[in-house]
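Q: Please take a close look at a single part of this structure, one strand and its surroundings, and describe how that part is put together.

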Amino acid sequence: MRYLEFSFKLTPQSSDFEDVLIDLLGEIGFDSFLKSTAPDEQMRGYIPVKDFRETDLKNCIADFPLPDVDISYTYQEAEDKDWNEVWEKNYFEPLVIGDQCVVAASFHQNIPQAKFNIIINPKMSFGTGHHETTSQMLKAILSLDLKGKKVLDMGCGTGLLAILAAMKGADNCMAIDIDEWCVNNAMENLALNHINNIEVLLGDAAGLKDKGPFDVILANIHLNVILNDMPDYIERLNPSGYFLTSGFYLDDLPRIKEKAESLGLKLITATDERLWCCAVFQRIE
Ligand SMILES: C[S@@+](CC[C@H](N)C(=O)[O-])C[C@H]1O[C@@H](n2cnc3c(N)ncnc32)[C@H](O)[C@@H]1O
């Protein structure tokens, strides 16, 4: 898939402002980001060429919710083939969640071992475990007993969450993403981890009608998709089943909770890291 690579200059520069911009860009089709790691370095964002509409981007910047932040950008076409190398050289270190879970790439050396060892070749797909939403989802999955459970991972990205669920004993998992690149990358990652009980599909909530039901549904996407598609997800969730969701800010938890409660869910736990929230709900009706 052809991508555009954007460099965003935020003045003043701040990691929190970048997080807010990432959230907004996610809503207009950007699906991968590299935050700045040094003063004067520019944050980068990636969007499939087919999804880019400059008016959406201009509106997004004009409506930026924090006052006194100036945002400018430049862009160029990114070649798919470069990205694995960029990650490999600069960004992707193994993620270690205590002695429970390690996420590493096949090019890493001397990887620490844990109960669940996952290999991911991230390419352009979101979901190496390094984003606060993914790492909180991993921790939430680690806290559940998934033996024999049917799991749905909506917005699977690299497939990382579904892979951990399968390693924890889940059965008949399904992983779905709207982006063909992610679907291919997820299938590659399943093979790398020798997982053969996850079906990966291209699509969104509209394709769920004849699927499931599921005991556990995972959805780390973003606020608008979760609010909009939650009824379709929950229709496929078994009684007492769990809905684990992230991709939104802690400030938006009340909206997510209100929607979830209207669908017969009860909030069990909510965590937050660097403004990002992850919530675990259980179906009580
Ligand atoms: C924030 S990433 C999460 C990836 C991975 N599940 C993780 O936890 O790291 C969101 C993913 O959702 C996908 N996505 C966006 N809108 C979607 C929709 N309406 N239905 C299904 N997937 C969607 C994107 O392509 C992207 O791969």
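A: In this predicted model, strands E13 and E14 form a hairpin with 2 residues between them, and within that turn Arg-274 has a positive phi of about 45°. The two arms of the hairpin, E13 at residues 265-273 and E14 at residues 276-283, run antiparallel and are joined by 8 bridges. One of the pairings between them can be given by residue, since Leu-265 has Arg-283 in E14 as its bridge partner.

Strand E14 also pairs with strand E12, which covers residues 237-249; here too the sense is antiparallel, and the pairing extends over 7 bridges. In this second pairing a phenylalanine faces a phenylalanine, with Phe-243 standing opposite Phe-281 of E14. Strand E14 therefore has two antiparallel partners, E12 and E13, and E14 is itself mostly covered, with 6 of its 8 residues buried.

For a second buried position, one may turn to helix H1, residues 15-26, where Leu-25 is placed. Leu-25 counts as buried because 23 other C-beta atoms lie within 10 Å, where 20 or more are required. When residues up to four places away in sequence are left aside, Leu-25 touches Phe-30, Gly-45 and Cys-60. Leu-95, by contrast, lies 70 residues from Leu-25 in sequence and 25 Å from Leu-25 in space, taken from C-alpha to C-alpha.

How values were computed:
Residues numbered from 1 in each chain as written. Predicted model: local features only at pLDDT ≥ 70, side-chain atom pairs only at ≥ 80, totals over all residues. Buried ≥ 20, exposed ≤ 12 C-beta atoms within 10 Å, placed from the backbone. Helix = DSSP H or I, 4+ residues; strand = E, 2+ residues; numbered from the N terminus. Pairing = 2+ DSSP bridges. Contact = placed C-beta atoms within 7 Å.
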